[in-house]
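User: Please take a close look at the helix packing in this model, with attention to where the two chains meet. Add whatever context from the rest of the model helps in reading it.

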2 protein chains.
Amino acid sequence: LTETTPSRTQASALRDLARIVGELNVRVPPPTGHLRDATESRAIHGSALASVSPASTEEVSGVVRWCVRQGLAVVPRGGGTGYAAAAVPAGEAIVVCTDRLAGAGEVTPEAWRGTFPAGMTTSEVQRRCREAGLFFAPNPGSAESCFIGGNVATNAGGPRSFRYGQTRSWVTGLVVVLGDGRPVRLGGSARKNVETLDLVGLVCGSEGTLGVITEVTLRLQPAPEAELPLLALYADREAGLDALSSAMASGVVPAALEFLDGEALCAAAGTLPGGPAPDARFAVLAEALGSEATARFEASVLNEALAHGALSVRAPQVRRDVAALWRWRDGVSLAVTALRGGKLSEDITVPTERLGEALVAIDAIGLDAGVEVTSWGHAGDGNIHATVMVDHTNAAGLIAAEGAAHRFLEVPAKLGGAVSGEHGIGRVKLRAAATQLDRDVLAIQRAVKAVFDPSGMMNPWVKIPSGREGFAAGPGLTGGDPR
Amino acid sequence: LTETTPSRTQASALRDLARIVGELNVRVPPPTGHLRDATESRAIHGSALASVSPASTEEVSGVVRWCVRQGLAVVPRGGGTGYAAAAVPAGEAIVVCTDRLAGAGEVTPEAWRGTFPAGMTTSEVQRRCREAGLFFAPNPGSAESCFIGGNVATNAGGPRSFRYGQTRSWVTGLVVVLGDGRPVRLGGSARKNVETLDLVGLVCGSEGTLGVITEVTLRLQPAPEAELPLLALYADREAGLDALSSAMASGVVPAALEFLDGEALCAAAGTLPGGPAPDARFAVLAEALGSEATARFEASVLNEALAHGALSVRAPQVRRDVAALWRWRDGVSLAVTALRGGKLSEDITVPTERLGEALVAIDAIGLDAGVEVTSWGHAGDGNIHATVMVDHTNAAGLIAAEGAAHRFLEVPAKLGGAVSGEHGIGRVKLRAAATQLDRDVLAIQRAVKAVFDPSGMMNPWVKIPSGREGFAAGPGLTGGDPR
């Protein structure tokens, strides 16, 4: 026996995987694009033996079985837009891309239902729903690039989660390839189903640790006639927080209730819809959504609530202006990244009434660490994108930034929140999960994972701390600190 | 020893349990009321060694630990309103009543949140929310008697689940005593939380098989200003189904979209709000809910949709009449029971577009079995209370009825639905679950239960088929057929 050289391993992987998915759909070594996600902006990237693109549940099953036999980790990959490095591989891993789990899906308008392949982008799902007069509410900022399978795997949120809940609330059925390669169908087309434990919900938000999602069935709603966002600008945080309280007490349930602090607002000032607002140091974005009559009524109530103490309230009325406002909001993350070339962005969640306290604590951490911080996010849900701006060519600065970002995760621990509201734990928050979460809860989660993934090959080192010494980092990533 | 003297087992149970919860809170033998739930109307009742009422999470923990040591099954009990016999004990069991898990709870109006003890009735939760200007949407018909802990344990639904989802959609945190007696806190006050696998969701709908729920944290919404139900009456099923399709296509999302067939309508005819409707053989009940302006607008759209082909549409406007209509709807189940003294009621779910096919199939089963059947339920969710009326003093009739009810459970299998949409599997649908569900899914569910309940003492014989020979019935119940 000769010692297996990397090239022989690669060659045999290429040959075996090509038999399952076809030669064109195996990349050895994987393109760098398959080794990164949105944590690239904090300079994290990984490594893998190969990436493959199976085109069916059966092919996914074949790939997973092969990986388990070879003792290779399976790293499922959607659109690669995650902020937690859950799809960033490391070590002896195979990246399972879901981009070829494609096809038209099927929409049943009369029953408000749709079934889609995991590899369809969220914006394409939304478009197909709209064509049928229907509406898929969750709207993560990355909808143009992220996949519906990834939305389910992360239980993605976005602004409209405030009224509509996260992705999980809309999923009735899944096809999943388990960690031993068996495909199973969980749930189905029924809108209500309590015939088993909620295994559908368990897979939602599991970040690829329980299996590979190949198909998703969603319950939907009729498309709203009108979407009326309001952008209210304030001279300081206190005025903005007061207005948020007024909006919460207005009796209306906005589809979204967002905020931006002064730095985020400055970062995105160049494209602010309606022109510059030099005095504004806090913004609230609310959305009224529904029938024309309902949306107009609710927008007027929200406008009244938000106007109190505001510098101005901007209320776009025509479709083009409405779209421009949301494009601007979706671009905030990129605008903040552009300031220094990189950022470390968390998504801590606190009880909604403690939003103000959390923002003060985040600013204090930044001041203490000598780094520039900013926060924006989903105010109504208490979900804060606490962010450190970094120049990732500056190694010392990056270390200080990672330190500050790590301390952000102590804020929810103090205020009774969660270290992640929608991005997930992935690899970057694994240490925080290991140290902050209850030991019994961590032990339950590990045991539940083992039920779905007996060999432990499904996205190891992600989401679920191993329990050994509280935290085991797994093979290293390049750059950043995979906390 | 006289017959009324407790046996040695009973005496030692009484002594040990009294040490944990106090002598007044142990009943040996349990009162008959603790051995039954709403399946009493199909003549099912059970047996147990004792019932206890712990007053805190710690006391629950003590009781569960004691039960595990003694090898006695733990049967958690809420308000005892279940239709699946999930709280009906059998054999060597201790009933753990949650009625003394009481107290005021805590509502945080500015954050739209409430925390309540498991033993609070759902109507009391709803009342406390309303007092704070808030709204807990799920409204099972038994709200006056059922407990919020039981709602979570069954993932209860009700009419408003159509717009608002089931109980699970509103639960952010739980305190649960696991099968080994350890209390754990799952989730918390944050409205969004993906820091672990969705263990909160897993406990929702677990029917007491994973642990005893002692405290529930709910996200809430502002109370709607107006609730405007509409009752539309039709000469036949076809006209009613057409109207349901029109309502689904109207662009409005009703809070509820219910139906009653001719027999259910007849059973409840005596109290029909607005007076008798002798020609009506199908009814649709829709609800517009929201701000005054929104509810009026949506009620007018729904009225137009439902009026097409209707004999009449009744639209109560004042609070008293609105309440009377819902009281009537909540009373349908009792009215049907009253017809012959008993009923066997299922809650199968089919994809919404197949509701008509399902109703035809249910009627055919009744005709074939020579029993009287009727259906009503949550049309928008395809959730059908398929029911056989029985005189349970007639043994032969009861057997025929059980046979027909069992065949109802084949309808969702044929049409792609679920054997239970909201009542749960309990004991009465365990055989159907064992035979109809996928073997891999059943195996996963058993293994997940074992993680929470290693000794298997938490409500055995309920919800989760054992896997031995497909189905193991466990100790028998008295009366009925614990399928």
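Analyst: What follows starts with the helix pair between the chains, then turns to packing within chain B and to the confidence scores.

The model is predicted, with an ipTM of 0.95 and a pTM of 0.96. Two packed helices are described by the angle between their axes and the distance between the axes. For helix H16 (residues 439-452) of chain A and helix H16 (residues 439-452) of chain B, the axes come within 9 Å and cross at roughly 160°. Angles over 145 degrees count as roughly antiparallel, and H16(A) and H16(B) are therefore roughly antiparallel to each other. Their crossing is right-handed.

Which residues of H16(A) and H16(B) meet? From H16(A) come A:Ile444, A:Ala447, A:Val448, A:Val451 and A:Phe452, and from H16(B) come B:Ile444, B:Ala447, B:Val448, B:Val451 and B:Phe452. Sorted by class, this contact has 10 nonpolar residues, with no polar and no charged ones.

A helix pair inside chain B can be set beside it. Helix H7 (residues 237-248) and helix H9 (residues 292-307) of chain B pack at an angle of about 150°, and their axes are 8 Å apart. H7(B) and H9(B) are therefore also roughly antiparallel to each other, and H7(B) passes H9(B) in a right-handed crossing. On the H7(B) side the contact involves B:Ala243, B:Ser246 and B:Ala247, which meet B:Leu302, B:Ala305 and B:Leu306 in H9(B). By class, these residues divide into five nonpolar, one polar and no charged.

Chain B also offers a case of a helix on a sheet. The sheet is open and has four strands in the order S1-S2-S4-S3, with mixed pairing. Strand S1 (26-27) and strand S3 (73-77) stand at its edges, each with a single partner strand, so one side of each has no neighbour in the sheet. S1(B) pairs with strand S2 (residues 50-52) of chain B in the antiparallel sense over two bridges, and B:Arg27 stands opposite B:Ser51 in S2(B). Helix H2 (residues 57-70) of chain B lies across S2, S3 and strand S4 (93-97) of chain B, and runs at about 175° to S4(B).

As for confidence, chain A averages a pLDDT of 93, and 95% of its residues score at least 70. Over residues 469-473 of chain A, pLDDT stays under 50. For that stretch, the model has 12 contacts beyond four places in sequence.

Methods
Residues numbered from 1 in each chain as written. Chains lettered and ligands numbered in written order. Predicted model: local features only at pLDDT ≥ 70, side-chain atom pairs only at ≥ 80, totals over all residues. Heavy atoms only, no water. Axes fitted to C-alpha atoms, helices over the stretch in contact; angles between N-to-C directions. Parallel < 35°, antiparallel > 145°, perpendicular 65-115°, else oblique. Left-handed = near helix turned anticlockwise from the far one by under 90°. Contact = heavy atoms within 4.5 Å. Nonpolar A, V, L, I, M, F, W, Y, C, P; charged D, E, K, R; others polar. Pairing = 2+ DSSP bridges. pLDDT = per-residue confidence, 0-100.
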